[in-house]
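I opened the notebook for a new model today. The plan was to look up pockets, surface patches, salt bridges and backbone angles, and to write down what came back.

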Amino acid sequence: MSAGTRWALNHMPLTAAAVEEAAPVLTGRRLAMCLHVEPKTAALVTLLAGAGVEVTLTGSPGTTHDDVAAALRDLGVTVHTRRADDEADHARNVAAVLECEPDLTLDNGADLTLSLLRSGAPAGWLGGTEETTTGGLRLREERVGRPVVVINDSRLKLLVENEFGVGQSVVQGFLNATNLMVPGMRAAVLGYGPCGKGVADTLARLGARVAVCDTDPMRALQAILDGHRVGSSVEVVSDAQAVFTATGAPGVVGAEELAALPDGALLAGVGHFAWEIDAAALRAATVRTVEYGEPGRRVGHVRADGREVVILDRGRMLNLTAANGNSIQAMDLGLTLQVRSLAAVAAGGLASGVQSVPAPVEYRTATDLVAELA
Ligand SMILES: NC(=O)c1ccc[n+]([C@@H]2O[C@H](COP(=O)([O-])OP(=O)(O)OC[C@H]3O[C@@H](n4cnc5c(N)ncnc54)[C@H](O)[C@@H]3O)[C@@H](O)[C@H]2O)c1
């Protein structure tokens, strides 16, 4: 086990207790899993493997810790991922994971579950879980035919992980990737769901001047009441030194926003897919690129008028690419919801279809977390 995984395990009492309790329905099951391969995920996989669950794992492009993946392989877990993987490698990894003919799936973004459904789900597949809102939306467009629990539909998870976990870790990633000062910085946050709110509030608490754009007027109102300036996407990016995209939607930073960005502006991704920056519009606006240091970390895109926009880590989730992901306690909570929801699927107690975390699971986990943190 890697030292980072051991450290994470020391701080994940809820997940450990949930795995022990779920062992009677999970032991002996084949679990196909897609989750960022980093120490908290490795802690979960170690606990599951210890309970006799046969885990086959992949991650997401750009977020795998190769040392953690190697340590899991040493434990006997099948792991198909490398940090250098691109989207095509990821598709191959997903196909390789599904060769295990899973009883259960644990997914992050829905690539695994959609691939399973499109290739004809094995008769023994009981259903599974999906970590993200984005993946939940993709799955809701399909006929799933088994229970799939969307962990991000949990109010508890949105509060603890998306808002407070992502808020802290994205800012940590920004600091690591840039070495710049946050107090006094003009920042724009596109999307004011729990993730965007967490990033905006964390930046503001550190003294940044934050402007927010959300197309949902309720969320825009929340941002105003929280003390942020609010405007259209073009308005809020036009004087921003750093822009954070947290919408889950493609092309949010398009040609108009790129044209409005001031010279030297930094672009950072928070949402699950890097597609929030319109790659075609960026290519069209770029006459040359400049690498500042490690390849891909800070890439300057220079426009015809000489102004530059700098993309951090190719627009991928900065808290995972440039920091250690969400805090261990935030992930302990989310992974506890994962284990208890998988146990509910395996026990056969849920109706077919894409659904929220069962209310008793959420209530009990909130109670456990209050007891843990009080
Ligand atoms: N980096 C991480 O560790 C991490 C963790 C959890 C979730 N996520 C991802 O972050 C993203 C946001 O998650 P969330 O839970 O806050 O989602 P959410 O859907 O609750 O919030 C997204 C917000 O963006 C707004 N929006 C959509 N299109 C927009 C546009 N064009 N311009 C401005 N606003 C727009 C929506 O109105 C909504 O309020 C998702 O992609 C999610 O998968 C990342």
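The entries below follow the order in which I looked things up.

**Entry 1: the model.** I noted at the start that this is a predicted model. I kept that in mind for every value below.

**Entry 2: the largest pocket.** I looked up the volume of the largest pocket and got about 950 Å³. Its lining is made of 46 residues. Which of them lie nearest the centre? I wrote down Thr133, Thr134, Asn152, Asn162 and Cys195.

I then checked which helices contribute to the lining. Helices α7 (133–140), α8 (155–178), α9 (194–205) and α14 each give at least two residues. The largest share is that of α8, with five residues. By residue class I have 19 polar, 17 nonpolar and 10 charged residues in the lining.

**Entry 3: salt bridges.** How many salt bridges does the structure hold? I got 18, and I went through some of them.

Arg140 pairs with Asp153, and their closest N and O atoms are 2.7 Å apart. This pair links distant parts of the chain, since Arg140 belongs to helix α7 and Asp153 to the loop between β6 (147–150) and α8, 13 residues apart. I have Arg140 as partly exposed because its relative accessible area is 42%. Asp153 is also listed as partly exposed, at 30%.

Arg229 forms a salt bridge with Asp239, with 3.2 Å between the closest N and O atoms. Arg229 is in strand β9 (residues 229–230) and Asp239 is in the loop between α11 (233–237) and β10 (242–245), so this salt bridge ties together parts that are 10 residues apart in sequence. For exposure, I noted 43% for Arg229, which makes it partly exposed. Asp239 has 28% and is partly exposed.

I also found that salt bridges with shared partners join Arg82, Asp85, Asp89 and Arg92 into one network. Within it, the side chains of Asp85 and Arg82 meet at 2.9 Å, N to O. Is Asp85 buried or exposed? Asp85 counts as buried because its relative accessibility is 5%. Arg82 has 45% and therefore counts as partly exposed.

**Entry 4: a nonpolar patch.** On the surface I looked up a nonpolar patch of about 370 Å². Its residues are Leu221, Ile224, Leu225 and Val230. Where does the largest share of the patch come from? Helix α10 (residues 217–225) supplies three residues. Leu221 is located in helix α10, and I have it as partly exposed because its relative accessibility is 43%.

**Entry 5: positive phi angles.** I looked for positive phi values in residues other than glycine and noted Glu101, with phi near 50°. Glu101 sits in the loop between α5 (87–98) and β4 (104–107).

I noted Asp313 as well, a non-glycine residue with a positive phi near 45°. The loop that holds Asp313 runs between β14 (308–312) and α14 (318–321). Is Asp313 buried or exposed? Asp313 is buried, because its relative accessible area is 9% and the cut-off for buried is under 20%.

Technical notes. Residues numbered from 1 in each chain as written. Predicted model: local features only at pLDDT ≥ 70, side-chain atom pairs only at ≥ 80, totals over all residues. Heavy atoms only, no water. Patch = residues over 30% accessible without salt bridge, like charges linked within 9 Å, V, L, I, M, F, W, Y side chains within 5 Å. Areas by Shrake-Rupley, 256 points an atom, 1.4 Å probe, with all protein chains shown as cover. Salt bridge = Lys/Arg side-chain N within 4 Å of Asp/Glu carboxyl O. Helix = DSSP H or I, 4+ residues; strand = E, 2+ residues; numbered from the N terminus. Buried < 20%, exposed > 50% of the residue type's maximum accessible area, 1.4 Å probe, protein only. 1 Å grid on protein atoms, 1.4 Å probe; cavity = no way out; pocket = protein on both sides within 12 Å on 5 of 7 lines; lining within 4 Å. Points joined across faces, edges and corners; volume = space filled by probe spheres on them. Nonpolar A, V, L, I, M, F, W, Y, C, P; charged D, E, K, R; others polar.
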